[in-house]
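Student: I've got a two-chain model open and I'd like to talk through how it's put together. Can we go over it piece by piece?

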Amino acid sequence: MNEGTRRRIHLLLRDGAIIAGLGIFLIWTLAPIAWMILTSLLPHRALITRPPDIDPALFTLKNINGVLEDRAVLVDSFINSAIVACATTALALTLGSLAAYAIARLSVPGGNKLMLMVLATQMFPGIVLIIPLFILLSRAHLIDTHIGLVIVYLSFVLPVVMWILKGFFESIPVQLERAAMVDGATTMQTFRLVVLPMSLPPLFAAGVFAFIESWNEFFYAVILTRTEVKTVPIRISEFSGQYRTAYGEMIAAAMIASIPVIIMAIVFRKYILLGFSEGAVKG
Amino acid sequence: MTRIELIDIVKTFGGVNACDGVDLLIEEREFVTLLGPSGCGKSTTLNLIAGLDDVTSGTILMNGKRVNELSPYQRDVAMVFQQYALYPHMTVAENIGFTLRLRKRPKSEIRERVQRVAELLELTALLDRLPRELSGGQQQRVAIGRAVIREPGVFLFDEPFSNLDAALRIRMRSEVRQLHDRLGVTSVFVTHDQEEAMSISDRIAVMRLGKVEQFGTPEEIYSTPVSKYVAQFVGSPRMNILDGELLRSGKQTDFRFGPIVIPLGAQAATIGAIDGNRIELGIRSEHVRIGDSGLPAMVRFVQPIGPETHVTVGWNDTAQTLIARVPGIVRLQPGAQVDVVLDPASMLFFDPETGNRIAGA
């Protein structure tokens, strides 16, 4: 076997392995989503038999219609989730970009230590934090309020946003900011007119991350809300009652709840990909 | 029109002096180049003049006024950076007009002034393009345009041509010099390219280890370098340096390196007492001729470069060599015997310990 043939076989094997790996990963990632769609279309009886009876003849829109009929409650929870997720995202991007820029560029004393401390806060499991958080929020009369949830969500969204943006800001050539200085821009003008417009990809990436985290969050929401500010995940969980779990409707609600996030991911996919890849490759 | 004075400027980064007592006086409308290898402090000095970095100690005066505490903008300087530093999300017109936009000038005025600068720099057809759609030379022109529109007192250039190809670099040199003359500003230009410095400047400050080694006209820097460092940094090929000793007998002074003895001219008399007679003789390659009678030598290497040929000659008993610059293409084979003639009037002498010039020229 000559060198060329050997090389061709090697490349074929390599490509085959990559495609097989990606295929397995794709199935792994898409299987729960496929199962969700399938489940939402099956009647309750088909789901509780073992194994589940996946007969296309049984497909029905009853679950989805059921959720939509009872939509007042779901719409309320959608509004709550939207308020909390949008506010968290907006605040995380505003505060996170300012903090990340200051640490990346303005020689903040102990800036790097600060960033490590910010990261360290993420090491604590939620269960450790929930009791002190509950006490703090209840004393501040923020239980079952949008603001209360936003503050708590910021505590775990903001650090990640800061890390994503700091990496990107550091990769911007410092000469650009120096040029802006020579042109007569203040630090804030440089940030607003030069740095931020260049940072749209990581801002979108961080924003989508913040939104998805806040939209999907269940653990804190279930403990820190009661009746007024029930978010979508809480509402979905309520399909599971003490005596009966309405699997079909639960899954149908979950599917409807995923739609905003999926639309967001599709609309901003270009920026999200750019944002994560640019952050990774420092210039 | 600005007169710039640097008085004992020191800039320290992490305990290292990037500038170590720089003194410079740059006159109005003068084109001065800071020349030196990487790490000599030339870009740091430029950033200090710009106000992009703060001096550790020393004073910067502009038109007699202390500007240490002023921002770049307040100093009325404009700068062209090595990597062009164009704002990637703005069009050419927006890049050039950015400084006016910051000053909240009316849109009509910005448009008109951008147009004028674009005409000056032949950028009119490119005004709506983004920087990434331009070639390196066009990007550099935009960077210059951004500086020109300010109508500043001082132009600062930080190795602006180092990313351009050789032909474009030479063209841009003359364009920048013409622009400087036309606008009547003071320009400070940083480069490590000695040829660029020689061709563009009124005066050159050769820098070394954070200090100005010599500040003078290109002719002075080339013909009467104060040290071996300056002598060898400026000029291509590098100045020939022969390491040897002085032999004095009566009125006659000779220079000996290895077994070779070169009789010296009258200017050897100006050489004072030196330790152990050790001395270094410097001579530029254009002052080494290949003739019919002179010092016998052997051709080691021949480098024809078009209008002239660089011939390296050597001797059997020493590793030292000389380069002679001969006009035209010369067909000589390595190993050939030739006679070399060294022009005594053009010889420079350096102290081997300090590197300082002690006589000659």
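Student: How many bridges pair strand S9 of chain B with strand S10 of chain B?

Tutor: Keep in mind that this is a predicted model. S9(B) covers residues 203–208 and S10(B) covers residues 211–216. They pair in the antiparallel sense, and the number of bridges is five.

Student: Which residue in the turn of that hairpin has a positive phi?

Tutor: S9(B) and S10(B) form a hairpin with two residues between them. One bridge of the pair puts B:Met207 opposite B:Val212. In the turn, the residue with a positive phi, about 50 degrees, is B:Leu209.

Student: Over to the sheet with the order S2-S1-S4-S5 in chain B: which strands stand at the edges?

Tutor: This is an open sheet of four strands with antiparallel pairing. Inside that order, S1(B) (residues 4–13) is joined to S4(B) (residues 57–62) by five bridges, and B:Ile7 has B:Thr59 as its partner. An edge strand has a single partner strand, so one side is left without a neighbour in the sheet. That description fits S2(B) (16–26) and S5(B) (65–66).

Student: And which helix packs on that sheet?

Tutor: Look for the helix that touches S1, S2 and S4 of chain B. Its direction makes about 65 degrees with that of S2(B). The helix spans residues 42–50 of chain B and is H1(B).

Student: What is the average turn between neighbouring strands in the sheet of five strands in chain B?

Tutor: The order there is S15-S19-S16-S17-S18, an open sheet with antiparallel pairing. S15(B) (288–291) and S18(B) (318–327) are the edge strands, each pairing on one side only. With direction ignored, neighbouring strands are turned against each other on average by 45 degrees.

Student: Which residue of S19(B) is the bridge partner of B:Pro296?

Tutor: Start with the strands: S16(B) is residues 295–304 and S19(B) is residues 337–342. They run antiparallel and four bridges join them. Opposite B:Pro296 you'll find B:Asp339.

Student: Zooming out, what share of the residues of chain B count as buried?

Tutor: Chain B has eight helices and 21 strands, and its C-alpha trace spans about 80 × 45 × 35 Å along the principal axes. Buried here takes 20 or more other C-beta atoms within 10 Å of a residue's own. Of the 361 residues in chain B, the share is 39%.

Student: Which helix of chain A gives the most residues to the side that touches chain B?

Tutor: Chain A has 14 residues in contact with 18 of chain B. Two elements give two or more residues to that side of chain A, H8(A) (174–182) and H9(A) (187–198). By class, the side has nine nonpolar, three polar and two charged residues. Giving the most, with six residues, is H8(A).

Student: What end-to-end distance does helix H7 of chain A have, against the span it should have?

Tutor: H7(A) has 26 residues (146–171), so at 1.5 Å a residue it should span 38 Å. There is a bend of about 40 degrees at A:Ser155, with A:Pro159 following within four residues. The end C-alpha atoms agree with the expected span, at 36 Å apart.

Student: And where does H13(A) bend?

Tutor: H13(A) runs over residues 247–267 and reaches 30 Å, close to the 30 Å expected. Its buried residues include A:Tyr247 and A:Met255, and the elements covering them include H1(A) and H4(A). The bend is about 30 degrees, a proline, A:Pro260, follows within four residues, and the place is A:Ile259.

Terms used: Residues numbered from 1 in each chain as written. Chains lettered and ligands numbered in written order. Predicted model: local features only at pLDDT ≥ 70, side-chain atom pairs only at ≥ 80, totals over all residues. Expected span 1.5 Å × (residues − 1). Bend = angle between axes of the 7 residues up to and from the residue. Buried ≥ 20, exposed ≤ 12 C-beta atoms within 10 Å, placed from the backbone. Contact = placed C-beta atoms within 7 Å. Pairing = 2+ DSSP bridges. Axes fitted to C-alpha atoms, helices over the stretch in contact; angles between N-to-C directions. Nonpolar A, V, L, I, M, F, W, Y, C, P; charged D, E, K, R; others polar.
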